[in-house]
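Biologist: I should like to understand how descriptive words about a protein are justified. Could we examine one example together and set each value against its definition?

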Amino acid sequence: MLHDPSHYEPPPIAEEIKLRPGDKDVLRRLGGELAEIAALSVHQDKARLWQQLNDLQSARPMVWINEIPWHEMNVDDELTLQTEHPWARDQERELRRTIYQWRHFPGDMIVSDYLACPLAVHSTDFGIIEDVDVVKTDEASDIVSRHFHIQIRDFPDLEKIKMPVVSHNEAATHYRYQAMCEVFADILPVRKVGQTHIWFTPWDYLCRWWGIQEAMMDLIERPDLVNAGVERMVDAWMVELDQFVALHALALDCNNTRIGSGGYGYTRELPGADYDPDSVKPHNMWGCSNAQVFSEVSPQMHWEFALRHELRWLERWGLTYYGCCEPLHQKIDLLRKIPNLRKLSASPRCDSRRVVQEVGTDYVLSRKPNPAILAEDDWQPERARQEMVEFLEVARGCHVELIMKDISTVRYQPQRLWEWATIAMEVAEEYASDR
């Protein structure tokens, strides 16, 4: 995620990374484990299946899991960090989580045969962050309940939304890259990687500053103010994107990069013919958008206050993904106005029969099984299976990915998620097509 409305991200600091031998040993051992996983031929097979899905030539439903309650996952100290240096701990955490997921709930996960060194790119963001009261039920979890304090009440308040300034600290990138190459030499290659897929969601931000009830009322009472607010947010994102382009700081996402709220981005259609590997452009990549707070808003209002503004952004990309947790079954005709739409979300709140009838084989259906099944008092694996089967029965012949996400809790029983992944893969194989 490029932005987080809860805080400002400080600029990166350019300083040499010096590790003690013990930290290097831990990282090299984990890097070696990852290299063995990455060398498996199954990743090539999975990449081909993801590509077929996204090219609307799917062989079977694809399965992927993310947004995981990692604080509940540790078993036998598999996720316990052993390094001391903050940079080393960040590296170790990512390595351990990747290896853990591969061992226990891989689904159709693909492990890269290189390590990514992110460019030290920084955005000043939008000049405004949420003012919020937080209530927690689990101090170890980052899933919280929020009460937002209103910061946008009238036209002058829209000036609080600033145009971002993007910069690349090349020295910081150099130090990161140097450290990774030194640690993982002869284990895995290291590549400098810019900004990949961008989560573009104006309404996820606006409702935190505006107030949800207040924003919904203003759709009716003050439509000019709402349109001005959305327009300014889109302007800010567009200004930021232009700077990424100018800095040559974008990177391809037609690989094992998450697209929208769905799965991987493999496709033959990207990066396309007009592609310069030294200067990736938006038309070489995937775009996305959503308006989750518009779950109960009419198609007409969804167009007026969301999609017609979002199109300015969506039209810049090679292919696009739309939606997240909101039901979209009543808005498929509206979404067909997106010229490069390829995937759309089919949340557990949608009318399955209607969304399948409306979409057919025109787009990929990014089906989100309900994660609540993992949070109940008693784990019911057969009901989890049945829920997936019921959707896939309705969606026979369609292009489907099964994405388990938004997992708030597994009740500190990670085996529930392990078993869900096994069941999902069994069901996906049962619904393999003859295409």
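Modeller: Let us begin with one residue of this predicted model. Trp-203 touches Ala-215, Leu-219, Val-226, Val-230, Ala-291, Val-293, Phe-294, Phe-305 and Ala-306, with residues up to four places away in sequence left out.

Biologist: What makes these pairs count as touching?

Modeller: The word is used when heavy atoms lie within 4.5 Å.

Biologist: Which residues touch the most other members of the largest nonpolar core?

Modeller: They are Phe-105, Trp-203, Leu-365, Leu-417 and Trp-420, in a core of 100 residues. Helix α7, residues 223-246, gives the most to this core, namely eleven residues. Apart from it lies another core, of 34 residues, including Leu-34, Trp-64, Cys-117 and Tyr-266.

Biologist: What general tendency concerns nonpolar side chains?

Modeller: In soluble globular proteins, nonpolar side chains tend to be buried together.

Biologist: What makes the protein chain as compact as a globular protein of its length?

Modeller: The chain has twelve helices and twelve strands. Its radius of gyration is 22 Å, and the globule rule gives 22 Å for 435 residues; the two values are close, so the chain is as compact as a globular protein of that length. Its C-alpha atoms fill a box of roughly 65 × 50 × 50 Å along the principal axes. Of the 435 residues, 54% count as buried.

Biologist: How much area does the protein chain expose, and what share of it do carbon and sulfur atoms supply?

Modeller: The chain exposes about 19,300 Å², and carbon and sulfur atoms supply 47% of that area.

Biologist: How do you know that Cys-207 has no bond to the closest cysteine sulfur?

Modeller: A disulfide requires two cysteine sulfur atoms within 2.5 Å. The closest cysteine sulfur to that of Cys-207 belongs to Cys-324 and is 12 Å away, which is too far for a bond. Cys-325 is also in no disulfide: the nearest cysteine sulfur, that of Cys-324, is 3.9 Å away. A search of the whole structure finds zero disulfides.

Biologist: Are these two cysteines, Cys-207 and Cys-325, buried or partly exposed?

Modeller: Buried means under 20% relative accessible area, and exposed means over 50%, with partly exposed in between. Cys-207 has 10%, and is therefore buried. Cys-325 has 23%, and is therefore partly exposed.

Biologist: Why is Asp-77 called exposed?

Modeller: Asp-77 has 52% relative accessibility, so it counts as exposed, the cut-off being over 50%. Asp-77 lies in the loop between β1 (62-65) and α3 (86-104). Its phi is near 60 degrees, a positive value in a residue other than glycine.

Biologist: Why does His-248 count as partly exposed?

Modeller: The relative accessibility of His-248 is 47%, so this residue counts as partly exposed. His-248 is placed in the loop between α7 and β8, and its phi, near 55 degrees, is a positive value in a residue other than glycine. Pro-271 is found in the loop between α7 and β8 (286-289), and the peptide bond from Leu-270 to Pro-271 is cis, with omega near 10 degrees.

Biologist: Why is His-104 counted as buried?

Modeller: His-104 has 19% relative accessibility, so it counts as buried, since the limit is under 20%. His-104 is found in helix α3.

Biologist: What makes the link between the side chains of His-104 and Glu-78 a polar contact?

Modeller: Such a contact needs a pair of N or O atoms within 3.5 Å, one able to donate a hydrogen and the other to accept it. The side chains of His-104 and Glu-78 make a polar contact at 3.0 Å. Beyond its neighbours within four places in sequence, His-104 is in contact with Glu-78 and Trp-418.

Biologist: How far apart are Ile-110 and Asn-256 along the chain and in space?

Modeller: They are 146 residues apart along the chain, while their C-alpha atoms are separated by 6.3 Å. Asn-256 is one of the residues in contact with Ile-110, as are His-43 and Trp-50. Ile-110 has a relative accessible area of 8%, and is therefore buried.

Key. Residues are numbered from 1 along each chain as its sequence is written. This is a predicted model: local features need pLDDT of at least 70, side-chain atom pairs count only at pLDDT 80 or more; totals for chains, interfaces and linings use all residues. Side-chain values use heavy atoms; hydrogens and water are left out. A nonpolar core is a set of buried Ala, Val, Leu, Ile, Met, Phe, Trp, Tyr and Cys residues joined through side-chain atoms within 4.5 Å. Buried means under 20% relative accessible area, exposed over 50%, partly exposed in between (1.4 Å probe, protein chains only). Helices (H or I, at least four residues) and strands (E, at least two) are DSSP runs, numbered from the N terminus. The radius of gyration is taken over C-alpha atoms; the globule rule is 2.2 Å times the number of residues to the power 0.38. Accessible areas come from the Shrake-Rupley method with a 1.4 Å probe; for residues, only the protein chains shown count as cover.
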